[in-house]
Amino acid sequence: MMLRGQEIFWSFFLGIILPFFLQAVKLTSSRTQLPYEYYSLPFCQPSKITYKAENLGEVLRGDRIVNTPFQVSMNVEKKCEVLCNFPNKPVTLTVEQSKLIAERIREDYYVHLIADNLPVATRLEFYSNREEEEKKKEKDVQFEHGYRLGFMDNNKFYLHNHLSFILYYHREDVEESQEHTYRVVRFEVIPQSIKLEDLKADEKSMCTLPEATGSAPQEIDPTKENQLLFTYSVHWEESDIKWASRWDTYLTMSDVQIHWFSIINSVVVVFFLSGILSMIIIRTLRKDIANYNKEDDIEDTMEESGWKLVHGDVFRPPQYPMILSSLLGSGIQLFCMILIVIFVAMLGMLSPSSRGALMTTACFLFMFMGVFGGFFAGRLYRTLKGHRWKKGAFCTAMLYPGVVFGICFVLNCFIWGKHSSGAVPFPTMVALLCMWFGISLPLVYLGYYFGFRKQPYDNPVRTNQIPRQIPEQRWYMNKFVGILMAGILPFGAMFIELFFIFSAIWENQFYYLFGFLFLVFIILVVSCSQISIVMVYFQLCAEDYRWWWRTFLVSGGSAFYVLIYAVFYFVNKLDIVEFIPSLLYFGYTALMVLSFWLLTGTIGFYAAYMFVRKIYAAVKID
């Protein structure tokens with residue numbers, strides 16, 4: 001991996017002591033879902049606070065990367081050093097500051113630092129369910145992102161005011177005539193809470209740590225002023241981990257084998273069910289087409305029920321063709337964006353080390369994919385006998401993005417009220433609006449113009465002037481029943497992956513299994529297409545030709561199960577009790593469900609449309 005400018009602070013050479021800087025990213029909590037910038041709490045500050053220039057993804061994530069007063073030099077140990085500039089004068093927290101720290105500790109906040117672009121991690125060691133003899137030999141090690149701000153015990157608040165940094169470096173192999181190069185490959189911290197009286201500091205900012213057994217933690221009493229010292233120590237260790245593999249530690253998950261097994265199990269089940277469905281539908285269709293094409297049995301065939309009877313109405317334009325084509329255009333936009341993002345991430349170009357790159361790429365790709373969304377929407381709108389292409393293009397460019405922007409703006413107002421760094425700043429919001437109206441809108445109009453000018457889709461049969469009467473439908477042909485039935489198979493293909501995606505979003509975990517995600521996405525496309533074809537076949541066999549909207553709605557049925565799963569995840573996995581965090585969770589979940597419905601509905605619609613055109617082209621129509 002190449003060293004990148006601002007992400008790599010210094011190169012380290014033998015015999016030269018070079019400093020590099022620890023930076024703070026933000027404070028996060030899975031209980032509140034509200035990130036805060038580092039200096040929202042009264043930590044020690046450097047003489048000059050400098051914020052890093054951030055990309056769009058970092059701003060939207062709530063990252064506010066800022067310098068800190070920690071002084072760390074390559075391979076230089078520090079036993080204990082006072083962080084602030086007044087070693088003999090403890091930091092005094094006012095009552096308001098004490099209340100704020102106590103509240104953040106109660107809300108289970110974590111502090112996130114980075115060194116050489118590596119996030120700090122807390123090592124967790126525990127015994128797994130092994131035999132007793134093996135338990136004595138080794139422990140399982142996992143890493144927690146960031147470190148806890150503090151802890152509670154008997155309704156008292158204790159702050160982690162001493163940080164023991166452990167930095168691992170790798171010595172690069174070079175030729176004898178060259179100097180050795182050192183690379184930082186891991187960044188760990190052991191947070192400790194040590195009472196002011198137990199920390200003995202001198203005038204040179206040095207301090208002495210007490211014995212581990214005899215020290216008392218630093219309590220923060222929210223009802224009065226508190227005095228304490230912020231201290232830190234630095235320890236260096238050589239490691240065999242190479243530079244290219246340094247992120248592997250942070251991406252190690254528990255139950256990786258279970259994850260793999262679950263994914264493979266889902267893939268096998270879905271392919272098996274898809275194969276059965278395909279065989280059934282193909283055999284049935286062949287039989288239908290063979291019967292319909294027997295010239296001597298035409299009269300008998302016409303008296304039977306079947307999908308051929310609605311050939312004069314199956315391509316009759318639906319109600320609200322402009323809205324339908326606009327939603328499908330947005331679905332195409334989402335499909336192209338998600339496909340490219342997952343594929344590029346699978347190749348390793350959007351790894352977690354490129355902070356904010358995934359979200360930045362997704363935003364820009366969605367804007368630029370407007371040309372494809374406009375093209376498909378325009379061509380479909382003309383096929384459905386639409387004439388007002390300018391209004392249709394405006395609807396395509398504004399409908400889905402407008403809903404997303406409206407919900408995000410309302411949620412952003414609540415986040416602003418909490419003074420969280422997760423609130424999108426006004427200049428960034430203006431920049432997003434400029435991207436929307438300056439990039440996406442013109443591209444949608446451009447695509448719509450060429451799509452509308454192109455020949456409409458060639459339907460194989462003519463539409464009758466008088467609509468055919470639709471017979472009374474059975475209960476299982478109800479739209480909601482169809483949604484429940486159609487959503488099971490696509491959701492079953494992806495619900496395991498959904499757990500890891502939700503954990504990455506709501507519990508500040510890293511998500512990196514984009515190879516699996518690409519496979520799951522392909523399975524999702526296949527399963528949505530086949531379920532949609534089966535559902536539209538049953539509908540046409542019931543002599544109901546109003547399939548346009550119904551197919552779009554029913555194909556997105558897995559989005560309903562995603563909503564149910566999101567509620568289950570909220571109740572069972574998250575510890576959110578306050579109103580605004582709950583509002584944020586369900587607001588963003590609503591956007592996810594809406595986007596997923598558009599995506600799967602679009603996939604199912606186009607699969608069903610191709611199927612309908614294919615089967616009616618295969619039969620002889622008088």
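**Close-up views of a predicted model**

**View 1. Stretches of low confidence in the predicted model.** Over residues 1-17 the pLDDT stays under 50, and for this stretch the model has 43 contacts beyond four places in sequence. A second stretch with pLDDT under 50 covers residues 301-305, for which the model has 7 contacts beyond four places in sequence. Within the protein chain, the mean confidence is lowest, at 38, in strand β1 (residues 12-13), whereas helix α7 (residues 321-346) has the highest, at 93. The chain as a whole averages a pLDDT of 82, with 87% of the residues scoring at least 70.

**View 2. Ser29 and its surroundings.** Ser29 sits in the loop between β2 (19-28) and α1 (56-61), and because its relative accessibility is 3%, this residue counts as buried. Beyond its neighbours within four places in sequence, Ser29 is in contact with Leu34, Glu107, Asp108, Tyr109 and Asn508. Although Ser29 and Asp108 are 79 residues apart along the chain, their C-alpha atoms are separated by 5.9 Å.

**View 3. Polar contacts of the Ser29 side chain.** The side chain of Ser29 reaches the backbone oxygen of Glu107 at 2.6 Å, and the backbone nitrogen of Arg31 at 3.1 Å.

**View 4. The second largest cavity.** Among the 3 cavities of 30 Å³ or more that are counted in the model, the second largest encloses about 80 Å³ of space. Its lining is made up of Tyr38, Phe43, Phe70, Leu83, Tyr147, His160, Asn161, Leu163, Phe230 and Thr231. By class, this lining has 7 nonpolar and 3 polar residues, with no charged residues.

Notes: Residues are numbered from 1 along each chain as its sequence is written. Side-chain values use heavy atoms; hydrogens and water are left out. On a 1 Å grid over the protein atoms alone, a cavity is a set of points where a 1.4 Å probe fits but cannot get out, and a pocket is an open set with protein on both sides within 12 Å along at least five of seven lines; lining residues have an atom within 4 Å of a point. Grid points are joined across faces, edges and corners, and a volume is the space filled by probe spheres set on the points. Ala, Val, Leu, Ile, Met, Phe, Trp, Tyr, Cys and Pro count as nonpolar, Asp, Glu, Lys and Arg as charged, and the others, Gly among them, as polar. pLDDT is the predictor's confidence in each residue, from 0 to 100. Helices (H or I, at least four residues) and strands (E, at least two) are DSSP runs, numbered from the N terminus. Contact means heavy atoms within 4.5 Å. Buried means under 20% relative accessible area, exposed over 50%, partly exposed in between (1.4 Å probe, protein chains only). A polar contact is a pair of N or O atoms within 3.5 Å; within protein, one must be able to donate a hydrogen and the other to accept it, and residues adjacent in sequence count only if both atoms are side-chain atoms.
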